Amino acid sequence: MKGIAAVYYDGRTPVRQAAELFAVGDEIVARGAFGERRARRGAVDISEPMGRAPRVVRFDDGGSFEVADLDAFRLWLAAAGFGDSPVVRLQTRWSWALASLLGAALLIAAVYFWGLPAFAKLMAPRIPEPVLQAMSKQTLDFLDSKLLTPSRLSEARRAELTEYADRVLGQGRDMPPHRLHFRSSTLGPNAFALPSGDVVVLDQLVELAGNDDEVAGVVAHELGHVAYRHGLRQLLQSSVVSFVVGVYFGDVSSLAASFGALALESRYSREFEHEADAYAAHRLQAAGLGSEPLAAMLERMEQAHAEKGGKTSRWDLLSSHPDTAERVARLRGGR
Ligand SMILES: [Zn+2]
């Protein structure tokens, strides 16, 4: 076979010498004014292609040969039976590089938008009850220490509301086990559910409600989130993301810290809100109340929120209920 022109450096002096490389049997043979150098194929290191930079063939005796004619060298390598690795062949074609980059981005997006929610939906019902209870207790303890204060409602009033909600919503088999907790807070009129079925109702919501049916309507909505395990799914999705990010940046300790905040901050998707509304409407209708109490309460909450200036703060639970007008319309339209 033909030789390929190269520049020889002996590895000891900076002298450049013209050389020609040949593949002969099991060896690479270099000939030039310096005579002849031989090396076994296995002992020869050939640099990867890097743009238009010359490629370098290194012998194990320290000598190296620079080849400037890249196209001719590629042909020579192929004829000598070296060939580029498939990865190198793909890398040298930028269109492939771009396509694989795009493919990777699409894959990540698909995992994020479909894979993660599907994974969370699959896993959420498999979280054992004791884990749910422990997680929810910790979250409530955290909130009690930071954001919530004891309810100012009388014990009799709290018992009355609990009994009423139980009576209204307690009929039916697919009701998740639940407990009502009353608290006061500067968070404004709201209620939220923990994955264990513990529903926290703020005094401000009770005060804003036109009647107890409206309170029961909100509790029913929160129980919808519990029944569909929305909070848990959201938490699983976000924690997988924080876990991956944590591992990537080598900081897993922040994961634990973000757990409590995530539980509270979770902004449910529109889909989750509609599911919880439909669940509540079904419950309320079964109790003979119709879905109006929840619709009316949503409007009141929206109005109270707007009067407060409509500011959305990190801890603003109401902001987790988007598109109120649309939801009210749905509830009233019986859809
Ligand atoms: Zn909700």
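In this predicted model, strand β1 and strand β7 (residues 64–67) run antiparallel and are joined by three bridges, and within this pairing V7 stands opposite E66 of β7. On its other pairing, β1 is joined by five bridges to strand β2 (residues 17–24), and these two strands likewise run antiparallel. Along β2, the residue L21 stands opposite I4, while A19 stands opposite A6.

The cross-strand pairs named above can be set out as follows.

| Residue in β1 | Opposite residue | Partner strand |
|---|---|---|
| I4 | L21 | β2 |
| A6 | A19 | β2 |
| V7 | E66 | β7 |

Strand β1 itself spans residues 4–9, and its residues divide between a covered face, made up of I4, A6 and Y8, and an uncovered face, made up of A5, V7 and Y9. The residues I4 and A6, which stand opposite L21 and A19 respectively, thus belong to the covered face, whereas V7, the residue opposite E66, belongs to the uncovered one.

These pairings are part of an open sheet of seven strands, which follow the order β4-β3-β2-β1-β7-β6-β5 with antiparallel pairing. The sheet is bounded by the edge strands β4 (35–40) and β5 (45–46), each of which pairs on one side only. Helix α1 (residues 70–79) lies across β1, β6 (55–58) and β7, and its direction makes an angle of about 100° with β1.

A further part of the description concerns two helices. Two packed helices are described by the angle between their axes and the distance between the axes. Helix α10 (residues 270–286) packs with helix α12 (residues 324–333) at an angle of about 30°, and the axes are 11 Å apart. Because angles under 35 degrees count as roughly parallel, α10 is roughly parallel to α12. The crossing of α10 and α12 is right-handed. On the α10 side the contact is made by E273, D277 and A281, and on the α12 side by R327, R330 and L331. Sorted by class, the contact of α10 with α12 comprises four charged residues and two nonpolar ones, with no polar residues.

For the chain as a whole, the model contains twelve helices and eleven strands. Of the 335 residues in the chain, 29% are buried. Among contacts in the chain with a separation of 6 or more, 59% are between residues 24 or more positions apart.

Notes:
Residues are numbered from 1 along each chain as its sequence is written. This is a predicted model: local features need pLDDT of at least 70, side-chain atom pairs count only at pLDDT 80 or more; totals for chains, interfaces and linings use all residues. Axes are lines fitted to C-alpha atoms, for helices over the stretch in contact, and angles run from 0 to 180 degrees between N-to-C directions. Helices (H or I, at least four residues) and strands (E, at least two) are DSSP runs, numbered from the N terminus. Angles under 35 degrees count as roughly parallel, over 145 as roughly antiparallel, 65 to 115 as roughly perpendicular and the rest as oblique. A crossing is left-handed if the near helix is turned anticlockwise from the far one by less than a right angle, and right-handed if clockwise. Two residues are in contact if their C-beta atoms, placed from the backbone, lie within 7 Å. Ala, Val, Leu, Ile, Met, Phe, Trp, Tyr, Cys and Pro count as nonpolar, Asp, Glu, Lys and Arg as charged, and the others, Gly among them, as polar. A residue is buried if 20 or more other C-beta atoms lie within 10 Å of its own, exposed if 12 or fewer, and partly exposed in between; C-beta atoms are placed from the backbone. Two strands pair if DSSP finds at least two bridges between them.
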